[in-house]
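Please work through the exercises below with the sequence and the structure open beside you. Each task is followed by a solution that proceeds step by step.

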Amino acid sequence: MNTATVGAAVTPAVIETFLTHYLNRKPLAQKPTAHISYDEGIHLIRKFLIYASHHTVEEIQRFTSQWVPHPHWVKVDELKIPEEYTTKAAQAVQEQLGHHGIEKVGGKIWWQWRRPGSELAAEWIEMRADYQERKRTKNPGTRVMLYVHGGAYFFGSVDEHRYQLQRHARKLKARVFARTRYRLAPQFPFPCGLHDCLAAYLYLLTVQDPSHIILAGDSAGGGMVVSMMVILRDRGIPLPAGAILISPWCDLTHSFPSVAGDNPLDYVPPHGFQQKPSASWPPPNSDDMLAIEEGLIQSLSHNDQSKHHQSEADAVQGFHADTHPNFGTQNANAASRTNGNVPTANTIPGSGRDLSIMIDGKLVEIKDQIQMYASNHLISHPLVSPILQSSLGGLPPLLIQTGGGEMLRDEQIYLAHKAANPTKYPPGDAFLDESPHNHNRDQVNRWKPTDVQLQVWDDLCHVAPTLSFTRPAKYMYRSIAQFGAWALARAQKTEIEILDDDDVSVISMSDSEEDDANAEKVRTTINRYKAVGKAGDALPPFKDHMIRERVDRHGIVRPLEPESELPGCSLPPSEIGVIKEGPVKKWMSAKREWDTRYASAKRRVQKQRARELAQGYQQFGAGEVPPPSALAGRRKTGADLREGKKERSWGMSLWSLWGSKHDQDAIKLEQEADKAPETTLASAEDGAGARPLHDTKTNQGKLLDKGKKPSYSRSRSRRRAVTDQNQTENQDEVDEKTPAADLLAMKNEKPGQPSDNYLATEFAANSTNPAIFLKVPTNEEYDLKRPKADGIAFPFSIAGHNASASMTTLTSEVGVPPTKDVRTREVMESGVSVNSADIHAAAETGSFSEEAKVMRENEKPADGTLVSEKGKGKENSVPMSSVDSEKVFENGQVVGAERPPLETFVTASSNFPTSSTIA
């Protein structure tokens, strides 16, 4: 795979697209493909990916990582990232994974291994003019973009993305910090790449303030950025000023509707990425490993023609279809215990068993690994598929750009809404319950909403800024610069000046025939809707932590449809992260074709793997089990595992020149115009309604930080937390079940005095003296929802709004009258007598309502006797009719026989009752 072969493969597609574009323009009307440059670009990428699928993973990686020179007007500096930052990053990843996650990943050492001579490295990319200006003004630089490139986690490099990074640097007047090439799957699967990107950020924090940094990534790089920020948030590492996610790939389970549909406007293969078999891909599945262990593969190395047909069949078995599954077998979902005893297919990744799914009455068992980045049981891990994070709240402001015609649009729209409203979009119960000690459930309510600007661009493809020479991409770059400048200005509490090059933009000045014919229509639409605006325009206000925009190919904005009309937001949590029939069918069709075509190549790889396994691989020690695709687990003793030297690619260089031609022409026109380029300002005052940058945690999140257990919205528990309403300085020791004597002891406790949670104050200093509790009769007080003692409210409220006769307050014992009579009609009709405290309190406060007066008159016994005061024994009872003598009412309902006198507890050290009192 080289420039010549790639050129020969894509040239016919370029010529065909050129002819059909002008001969059959009607289907292209009102679509981005109406522009010849966009139409040519998308067909070229699509053809390249089809051609590349018939080559090995190693060949694609080698081609897309070839050296591409940078233009003379760009300054590039390379640097090595010291090992100490990879060590710190590894520690953060291990803490985030936890014991359970480390076990699923296969250890905590193997993924830190690197090829000899492949130290972690990065590049600083900056416009040379901006560098010279910084040097002249002695400005260290307060605008840095850390960019993580995409490529489905298995191909791509900074060289491949160089023309895009240059555009970002020029538009934002920033320095772009880019990993030259993070370790790629399948040789370095999850969490290798995440480890590298996190180490790059930790190094960046030593040379830049976090308020000077924004993160950015496209496709797989966008998903990686989300996982990075979650680790930073959870580990307490300073977060950047904001992040830009361009078509982020955030659901490797392919559980959203758009993946199953037809997507003719996108170039991403509908069946996923299939490659010619090699030592790296596909890895041996469970059946292959069993065959190797039993020596079956070794027998295939003999020239026994009678077994040739069987070996062909073995090579094709990437999945198995059971035509007679158990009767009634259903596909599982992520809700808890929804299928009862019905047999279910294993459609939820993570169980450790092979994935399976019911399709057309057959139980299809998936044996081969689906995604290169992670084995099948890990594709639902929240650091692999961030849409399954318990919460995406508490992150810095996000810009999410989505192509309206791309295959992954639903999951990206869902990601935006989940971040802005974390409690509304939790994962299914199967994922919430996966971690021990309710950790995942705790996270749902822990973080405040994230501010998100979501832009859905009509009919655009996946990562449309890749086609940087097109008109839609021009507007996307402007929006990126606009958001980035606002995020930096807000974090730094200043104004940010950025470039406005519309007057000298080659794209702006070169209208196509279609645009000329529809110029008036475009102007009418611009007047009707609000345009995206140029880079640096004020960000619109946030509403409910979101700016929701739909943008057409002319850069004209209109409001995005309501959530209820968006398929991605209408999917129930139980269906997210669960493999679906549509994508699996597409994968099976392509898998069958590739495995059949390359059966002999796969068989050769199996034989080679068997020989190597027989010789033995180097080990990392106990507990380290790298995935089958990991190069760390296939290290042969004495083998040279160094990466080959990068060569210059004329094909990649030409693609980069085409991509950067607009920037070069714009710079030239600026110089010819003999004037400084136009600039605009982004202010921290833009984007009204955004959450304060560092105010990330909810009240429940703050309780969790203090080691307390809050309630969570999706918990099955009926417990209710009692929150501090400033009634007391110490909430830790009390709740609604705390005994009255303990509350009195806490009230009387003096600062600096020894205390005991279970002893009154007088006995606290001497723990050998037990507290003595005696039962005494008490008045029945229900006038307060929150009891008081000496004017201080206790830190709980009586549950419910309707008091009942069974409720006991502390008022009568401490001598503080209620503020008003709050008893309800049901209480007054309950058959329980009024007492002197009631009457005295009402007289003191003047709070008798007319209804209360009537009710109190009705409480008088039939013989006209008055209610006795406290301590008069049986006189407390009220005569009742013979019909009702065995009934007791609460809230207007009969609840049982006559209740015994209510009781309370006092300590022997306070108001010790006399013998006559307790008689």
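The exercises that follow concern a predicted model, and they go from the chain as a whole to single residues.

**Exercise 1. The chain as a whole**

Task: State how many helices and strands the chain has, and what percentage of its residues count as buried.

Solution: The secondary structure of the chain comes to 31 helices and 24 strands. Turning to accessibility, 54% of the 919 residues count as buried. A further step looks at contacts between residues at least 6 apart in sequence, and of these 79% join residues at least 24 apart.

**Exercise 2. An open sheet and the helix that packs on it**

Task: Determine the strand order of the open sheet of 3 strands, explain which strands stand at its edges, and find the helix that packs on the sheet.

Solution: Begin with the order, which is β7-β11-β10, with antiparallel pairing. Because β7 (319-322) and β10 (355-359) each have a single partner strand, these two stand at the edges, and one side of each is left without a neighbour in the sheet. From one strand to the next the twist averages 20°.

Next, take the two pairings in turn. β7 and β11 are joined in the antiparallel sense by 4 bridges, and within this pairing His 320 has Glu 365 of β11 as its bridge partner. β10 and β11 (residues 362-366) also run antiparallel, here with 5 bridges. On this side Ser 356 stands opposite Glu 365, while Ile 357 has Val 364 as its bridge partner in β11. Glu 365 therefore serves in both pairings, because it is the bridge partner of His 320 and stands opposite Ser 356, within a sheet whose edge strands are β7 and β10.

Finally, look for the helix: α21 (residues 581-597) packs on the sheet and touches β7, β10 and β11, and its direction makes about 105° with that of β10.

**Exercise 3. Positive phi outside glycine**

Task: For Ser 219 and Asp 360, give the value of phi and the location, and decide whether each residue is buried or exposed.

Solution: As background, most residues other than glycine have a negative phi, and most peptide bonds are trans. Ser 219 has a positive phi near 55° and lies in the loop between β5 (213-218) and α8 (220-235). With a relative accessibility of 9%, which is under the 20% cut-off, Ser 219 counts as buried.

Asp 360 is likewise not a glycine, and its phi is positive at about 55°. Asp 360 is in the turn of the hairpin that β10 and β11 form, with 2 residues between the strands. Its relative accessibility is 59%, so Asp 360 counts as exposed, the cut-off being over 50%.

**Exercise 4. Cis peptide bonds**

Task: Describe the peptide bonds that lead into Pro 186 and Pro 282, and place each proline between its flanking elements.

Solution: The bond that joins Ala 185 and Pro 186 is cis, with omega about 0°, and Pro 186 is found in the loop between β4 (175-179) and α7 (192-204). The bond from Trp 281 to Pro 282 is also cis, with omega near -5°, and the loop that holds Pro 282 runs between α9 (257-260) and α10 (286-293).

**Exercise 5. The largest nonpolar core**

Task: Name residues that touch the most other members of the largest nonpolar core, and trace the contacts of Phe 190.

Solution: The core has 174 residues, and those touching the most other members are Ile 81, Met 145, Phe 177, Phe 190, Leu 215, Ile 244 and Tyr 373. Helix α16 (residues 471-492) gives the most to this core, with 11 residues. Leaving aside neighbours within four places in sequence, the contacts of Phe 190 include Leu 97, Val 105, Trp 110 and Tyr 373.

**Exercise 6. A pair of helices**

Task: Describe how helices α1 and α2 pack, and name residues that make the contact.

Solution: The axes of α1 (residues 3-23) and α2 (residues 36-52) are 9 Å apart, and the helices pack at an angle of about 145°, with a right-handed crossing. Among the residues that make the contact are Val 6, Val 10 and Phe 18 of α1, together with Leu 44, Phe 48 and Tyr 51 of α2.

Notes. Residues are numbered from 1 along each chain as its sequence is written. This is a predicted model: local features need pLDDT of at least 70, side-chain atom pairs count only at pLDDT 80 or more; totals for chains, interfaces and linings use all residues. Side-chain values use heavy atoms; hydrogens and water are left out. Two strands pair if DSSP finds at least two bridges between them. Axes are lines fitted to C-alpha atoms, for helices over the stretch in contact, and angles run from 0 to 180 degrees between N-to-C directions. Contact means heavy atoms within 4.5 Å. A nonpolar core is a set of buried Ala, Val, Leu, Ile, Met, Phe, Trp, Tyr and Cys residues joined through side-chain atoms within 4.5 Å. Buried means under 20% relative accessible area, exposed over 50%, partly exposed in between (1.4 Å probe, protein chains only). A crossing is left-handed if the near helix is turned anticlockwise from the far one by less than a right angle, and right-handed if clockwise.
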